[in-house]
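Subject: Structure handover

Hello,

Here is the structure I promised to pass on. Please open it first, then read the notes below.

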Amino acid sequence: MDFNEIVKKDLEFLRKQLAGSKNELAKLPKETLWIEERKKGELFFSVSGDKGERKRKLISKDPDLISKLVRKEYLVNEVEIIERDIETLEKMKRIYTNGYVEPVAANVIKTINKARHRNTYEKYCRSEVERAGKPPIDYKRYSKEIIEWALADYNRSDYRPEDLRHRSSHGLFVRSKSEITIVEKYYEYKIPSRYEEVIERDGIRVIPDFIVPDRYGNFWIWEHCGMPNNPEYLARHKRKIEIYEKMGIVPWKNLIVTYDNEYGSIDVKIIEAEIKGKLL
């Protein structure tokens, strides 16, 4: 989830809270509470009227009214804080949207004043950064064929390169923080991988998130569903799984599918369990 999405959710929550607090305030008494310290304890007064014409009324024996006026004072201050928070978040969002540019390859390439040849610059710059990373491979675990596969170039998708905003520790640019988590686990266990390789079989074309080998030389497709709460995204994910089934790529044989939870977070233990159970 990017900054704008986080701010959007926070603003939605605060605006609902603000509306609820103001609605409750409108139902409370118009008076305010005044408390005086006396030797025998506190005296409670309700205060009404404008400045210069204020009237006080002793309400020490009316705990229900005291409770309502205490609640009113609380809500008045809460509303002030919420309104200030909303103003601050909206200002942050304007600054981020209009001024902040994340220093990732896609954004750097956009600033290169070579519009006619931007695709060439984009392909070269990203490939050079990724090639320099040299992700680790366990040469003892894999056959010569797998190692050659890992080191060879491949037909990588060029779909929306501007969305490849997250860079791994070895220079691979991916689309989400969850994918960064997955690929970093590949590095940890020295598993080679291909990201978004275009594959075709029997006239069917598909672009997996990852392709990874197991220790026996079998290849697995690894799909990660990052937005299970988004109906459109989830529908596309389900269609992709159906395409895999038509190609003979199924969970009990050569397909691994992982998911973010409802809060947009990934469980590293699940990723490790899939790696240890199916690939090592």
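Let me start with Glu24. Its relative accessibility is 29%, so Glu24 counts as partly exposed. The residue sits in helix 1, which covers residues 3-26. Please keep in mind that this is a predicted model.

Which residues does Glu24 touch, beyond those up to four places away in sequence? They are Arg71 and Leu75. Arg71 is 47 residues from Glu24 in sequence. In space, the C-alpha atoms of Glu24 and Arg71 are 9.5 Å apart.

Salt bridges

How many salt bridges are there? The count comes to 16. Three of the pairs are described here.

Begin with Glu36 and Arg38. They form a salt bridge, with 2.7 Å between the closest N and O atoms. Glu36 has a relative accessible area of 18%, under the 20% cut-off, so it is buried. Arg38 has a value of 44%, and this residue is partly exposed. The pair does not stand alone: a network of salt bridges links Glu36, Arg38 and Arg56.

Next come Lys185 and Glu188. Their salt bridge has its closest N and O atoms 2.7 Å apart. Both residues belong to helix 6, residues 177-188. They are 3 residues apart, about one turn of the helix. Is Lys185 buried or exposed? Lys185 is buried, with a relative accessible area of 12%. Glu188 is partly exposed, at 46%.

The last pair is Lys278 and Glu274. Their side chains meet in a salt bridge, at 2.7 Å from N to O. Both residues lie in helix 8, residues 268-279. Here the spacing is 4 residues, again described as about one turn of the helix. Lys278 is partly exposed, with a relative accessible area of 29%. Glu274 is buried, at 17%.

Helix 6 against helix 8

Two of the helices named above also meet each other. Two packed helices are described by the angle between their axes and the distance between the axes. For helix 6 and helix 8, the axes come within 10 Å. They cross at roughly 45°. Why are helix 6 and helix 8 called oblique to each other? Oblique is the word for angles that are not roughly parallel, antiparallel or perpendicular; roughly parallel needs under 35 degrees and roughly perpendicular needs 65 to 115, so a crossing at roughly 45° counts as oblique. The crossing of helix 6 past helix 8 is right-handed.

Which residues make this contact? From helix 6 come Thr181, Ile182, Lys185, Tyr186 and Glu188. From helix 8 come Val268, Ile271, Glu272 and Ile275. These residues divide into 5 nonpolar, 1 polar and 3 charged. Note that Lys185 and Glu188 appear in this contact and also form a salt bridge with each other.

His166

One more residue to look at is His166. Its place is in strand 4, residues 166-167. His166 has a relative accessible area of 18%, so this residue is buried. What is His166 in contact with, leaving aside neighbours within four places in sequence? The list is Leu172, Phe173, Val174, Arg175, Ser176, Lys177 and Ile180. Lys177 and Ile180 fall within helix 6, residues 177-188.

Over to you.

Best wishes

Notes:
Residues numbered from 1 in each chain as written. Predicted model: local features only at pLDDT ≥ 70, side-chain atom pairs only at ≥ 80, totals over all residues. Heavy atoms only, no water. Salt bridge = Lys/Arg side-chain N within 4 Å of Asp/Glu carboxyl O. Buried < 20%, exposed > 50% of the residue type's maximum accessible area, 1.4 Å probe, protein only. Contact = heavy atoms within 4.5 Å. Axes fitted to C-alpha atoms, helices over the stretch in contact; angles between N-to-C directions. Left-handed = near helix turned anticlockwise from the far one by under 90°. Nonpolar A, V, L, I, M, F, W, Y, C, P; charged D, E, K, R; others polar.
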